Amino acid sequence: MHIPKLCVRPWRWRSHRQISFSLLLTISLTTLLVPPSLAQTPSIPSPSSAPLELDLLIKPKDYVITANTIHPERLTVPSLWWAQQNSEKKLLDNWIAYPASDKEPARVDLIVNQQIWSLLEYVERYDFVNRLGSAARNFGYNVRVFNYQKEPLATYTCNFNTSPALCTIQTTVKNKIGLQRSL
């Protein structure tokens, strides 16, 4: 009569441990040897740090477009009027669109109604920024969201050098005691 052994063979555990170490070493070396161009995804630029110029809503310059700008001969780009009309509870109040320059890519500064913005949940704010950012992205513009106190509330920034454009959304959230943090 044959009685099987109930103990685990130590050589199997060591073999499994050696295989795990070899696999880990292979993965580590492969990661180090892959050229950086293949290992990295293209970066998304930081949002513009230029100040919000609310005076352009009253006295727009030739190079900017606002919600009150109408081009008599063709569609005004970027065209955000439809998005403004469809924004829930009239959240989007106005915008200033800046064409691309040597220093910065094209951007749109959205000005929202702070009272309505503060009533929205995080997901509703994200949805708003995503919808307006997608609309602006189609015209080659990045988006920043502000209130009339010039406080930055969110950004939608893209790397237009990739196809399709890689974009990111950042929002600023105030906690219950009024401190801001970026998400």
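A salt bridge is taken here as a side-chain nitrogen of Lys or Arg within 4 Å of a carboxyl oxygen of Asp or Glu. The model is predicted, so that local features need a pLDDT of at least 70 and side-chain atom pairs count only at pLDDT 80 or more, whereas totals for chains, interfaces and linings use all residues. Residues are numbered from 1 along each chain as its sequence is written, and side-chain values use heavy atoms, with hydrogens and water left out.

**View 1. The salt bridge within helix α6 joins D127 and R131.** The closest N and O atoms of D127 and R131 are 3.1 Å apart, and both residues belong to helix α6 (residues 122-137), where four residues, about one turn of the helix, separate them. Helices (H or I, at least four residues) and strands (E, at least two) are DSSP runs, numbered from the N terminus. D127 counts as partly exposed at 37% relative accessibility, and R131 is likewise partly exposed, at 32%; buried means under 20% relative accessible area, exposed over 50%, and partly exposed in between (1.4 Å probe, protein chains only). A search of the whole structure finds four salt bridges.

**View 2. A network of salt bridges links E104, R107, D109 and R144.** In one of its pairs, R107 meets E104 with the closest N and O atoms 3.4 Å apart; R107 is buried at 7% relative accessibility, while E104, with a relative accessible area of 23%, is partly exposed. In another pair, the side chains of D109 and R144 form a salt bridge with an N to O distance of 2.7 Å. Because D109 lies in strand β3 (residues 107-112) and R144 in strand β4 (residues 142-146), this pair ties together parts that are 35 residues apart in sequence. D109 and R144 are both buried.

**View 3. A disulfide joins C158 and C167.** The sulfur atoms of C158 and C167 lie 2.0 Å apart, a disulfide being a pair of cysteine sulfur atoms within 2.5 Å, and a search of the whole structure finds one such bond. The torsion about the S-S bond of C158 and C167 is about 105 degrees, so the disulfide is right-handed. C158 is buried, with a relative accessibility of 2%, whereas C167 is partly exposed at 26%.

**View 4. T162 sits in the loop between β5 (152-159) and β6 (166-174).** A polar atom of the T162 side chain lies 3.1 Å from the backbone oxygen of N159. With a relative accessibility of 18%, T162 counts as buried.

**View 5. The protein chain comprises six helices and seven strands.** From the N terminus on, its elements run α-α-α-β-α-β-β-α-α-β-β-β-β, and buried residues make up 32% of the 183 residues. The chain averages a pLDDT of 75, with 60% of the residues scoring at least 70; pLDDT is the predictor's confidence in each residue, from 0 to 100. Among the elements, helix α2 (residues 36-39) has the lowest mean pLDDT, 48, and β4 the highest, 96. Where pLDDT is low, the predicted coordinates should not be read in detail.

Terms used. Polar contact = N/O pair within 3.5 Å; in protein donor to acceptor, adjacent residues only side chain to side chain.
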